[in-house]
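Work through the exercises below with the sequence and the model at hand. Each task is followed by a solution in steps.

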Amino acid sequence: SSQEEVNTLNCLECDAQLTVPADAIQGEVVTCKDCGATYELVKDQSNPSLFTLRPAELEEEDWGE
């Protein structure tokens with residue numbers, strides 16, 4: 001089987017499909033193209049080759065940049 005498999009997950013907000021890159025890593029952030037919700041990829045406990053979505057903790061403050 002090809003290593004270039006692309007996983008998709010459904011947005012928790014609007015149920016649109018989110019594409020997870022084949023080389024995604026834990027903690028990577030993906031954004032829904034439809035509604036703009038942002039998620040962090042978390043490895044699935046029962047299947048480490050899959051990811052689950054966790055709403056990303058967005059830092060609203062800017063740190064004096």
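A salt bridge is a side-chain nitrogen of Lys or Arg within 4 Å of a carboxyl oxygen of Asp or Glu. The model is predicted.

**Exercise 1.** Find which side chains meet in a salt bridge, and place them in the chain.

Step 1. Applying the cut-off gives a count of one salt bridge.
Step 2. The partners are Arg54 and Glu40, with an N to O distance of 3.1 Å.
Step 3. Arg54 lies in strand β5 (residues 51–55) and Glu40 in strand β4 (residues 38–43); the two are 14 residues apart, and the pair links distant parts of the chain.
Step 4. Is Arg54 buried or exposed? Its relative accessible area is 41%, and because partly exposed covers the range between under 20% and over 50%, Arg54 is partly exposed.

**Exercise 2.** Give the strand order of the open sheet and identify its edges.

Step 1. The three strands run in the order β3-β4-β5, with antiparallel pairing.
Step 2. The edge strands are β3 (29–31) and β5, since each pairs on one side only.
Step 3. From one strand to the next, the twist averages 40 degrees.
Step 4. Three bridges join β3 and β4 in the antiparallel sense. Val29 stands opposite Glu40 in β4, and Glu40 also meets Arg54 in the salt bridge.

**Exercise 3.** Describe the largest nonpolar core and the surroundings of Leu53.

Step 1. This core has 13 residues; Leu18, Tyr39, Leu41 and Leu53 have the most contacts inside it.
Step 2. Two or more residues come from each of β2 (17–20), β4 and β5.
Step 3. Leaving out residues up to four places away in sequence, Leu53 touches Leu9, Asn10, Leu12, Leu18, Val30, Tyr39, Glu40 and Leu41.

Technical notes. Residues numbered from 1 in each chain as written. Predicted model: local features only at pLDDT ≥ 70, side-chain atom pairs only at ≥ 80, totals over all residues. Heavy atoms only, no water. Helix = DSSP H or I, 4+ residues; strand = E, 2+ residues; numbered from the N terminus. Buried < 20%, exposed > 50% of the residue type's maximum accessible area, 1.4 Å probe, protein only. Pairing = 2+ DSSP bridges. Axes fitted to C-alpha atoms, helices over the stretch in contact; angles between N-to-C directions. Core = buried A, V, L, I, M, F, W, Y, C linked by side-chain atoms within 4.5 Å. Contact = heavy atoms within 4.5 Å.
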